[in-house]
Amino acid sequence: MAGQLDSLLKKVAKQVVSDLGSSLDTTITYIKKGVSSYNIDTGEEISVDTNFSDIKAPVEFIRSEEEGDQEMREAKVYITPDQIGNNQPTLNDEVKLTFAGSIRTGQITSIDTKQGGQTYLFTLLVRF
């Protein structure tokens with residue numbers, strides 16, 4: 001019974017995120033940060049990141065305020081595991097949002113994972 005409930009919740013979450021994301025005129029790019037390594041010969045740190053582009057995801061702006069000469073925005077971004085290659089988000093990952101005609105890179109400050117026997121929804125709090 002629990003497995004059927006998980007499957008149903010996963011299907012519903014995927015459909016809701018798809019429907020709400022498709023109704024917006026914006027997309028996000030999710031950047032999964034890779035494992036860093038250090039090249040002794042060149043003295044460079046190398047990290048191979050994976051980009052998941054053109055994700056239609058619901059974005060809910062929850063706060064916008066001025067900090068000095070800049071404006072700081074926080075938003076909730078709702079994504080399903082399949083949109084990011086079934087990866088678990090981390091605070092090191094990044095979200096790029098096309099907003100007001102420009103691309104903004106956001107820092108993930110909080111991750112809320114909805115799951116039972118399987119993960120079906122991530123709510124990311126992102127600072128732009």
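Which pattern does the protein follow when read along the sequence? In this predicted model, the order is α-β-β-β-β-β-β-β-β-β, and the protein holds one helix and nine strands. The C-alpha trace spans about 55 × 40 × 20 Å along its principal axes.

A few totals help to set the scene. The protein has 128 residues, of which 30% count as buried. Its accessible surface comes to about 8,000 Å², and carbon and sulfur atoms contribute 48% of that area. Among the contacts with a separation of 6 or more, 56% are made by residues 24 or more positions apart in the sequence. As for charge, the protein carries 13 positive and 19 negative charges, and the mean positions of these two sets lie 7 Å apart.

Turning to a single site, Q88 is found in the loop that runs between strand 6 (70-79) and strand 7 (94-99). Is this residue buried, partly exposed or exposed? Q88 counts as partly exposed because its relative accessibility is 40%, a value between the 20% limit for buried residues and the 50% limit for exposed ones.

The surroundings of Q88 bring in several other parts of the chain. Leaving aside residues up to four places away in sequence, Q88 touches K32, D93, I111, T113 and F122. With T113, the side chain of Q88 also forms a polar contact of 3.5 Å. K32 is 56 residues away from Q88 along the chain, yet the C-alpha atoms of this pair are separated by 9.1 Å.

Terms used. Residues numbered from 1 in each chain as written. Predicted model: local features only at pLDDT ≥ 70, side-chain atom pairs only at ≥ 80, totals over all residues. Heavy atoms only, no water. Helix = DSSP H or I, 4+ residues; strand = E, 2+ residues; numbered from the N terminus. Buried < 20%, exposed > 50% of the residue type's maximum accessible area, 1.4 Å probe, protein only. Contact = heavy atoms within 4.5 Å. Areas by Shrake-Rupley, 256 points an atom, 1.4 Å probe, with all protein chains shown as cover. Lys, Arg positive; Asp, Glu negative; His and termini not counted. Charge placed at Lys NZ, Arg CZ, Asp CG, Glu CD. Polar contact = N/O pair within 3.5 Å; in protein donor to acceptor, adjacent residues only side chain to side chain.
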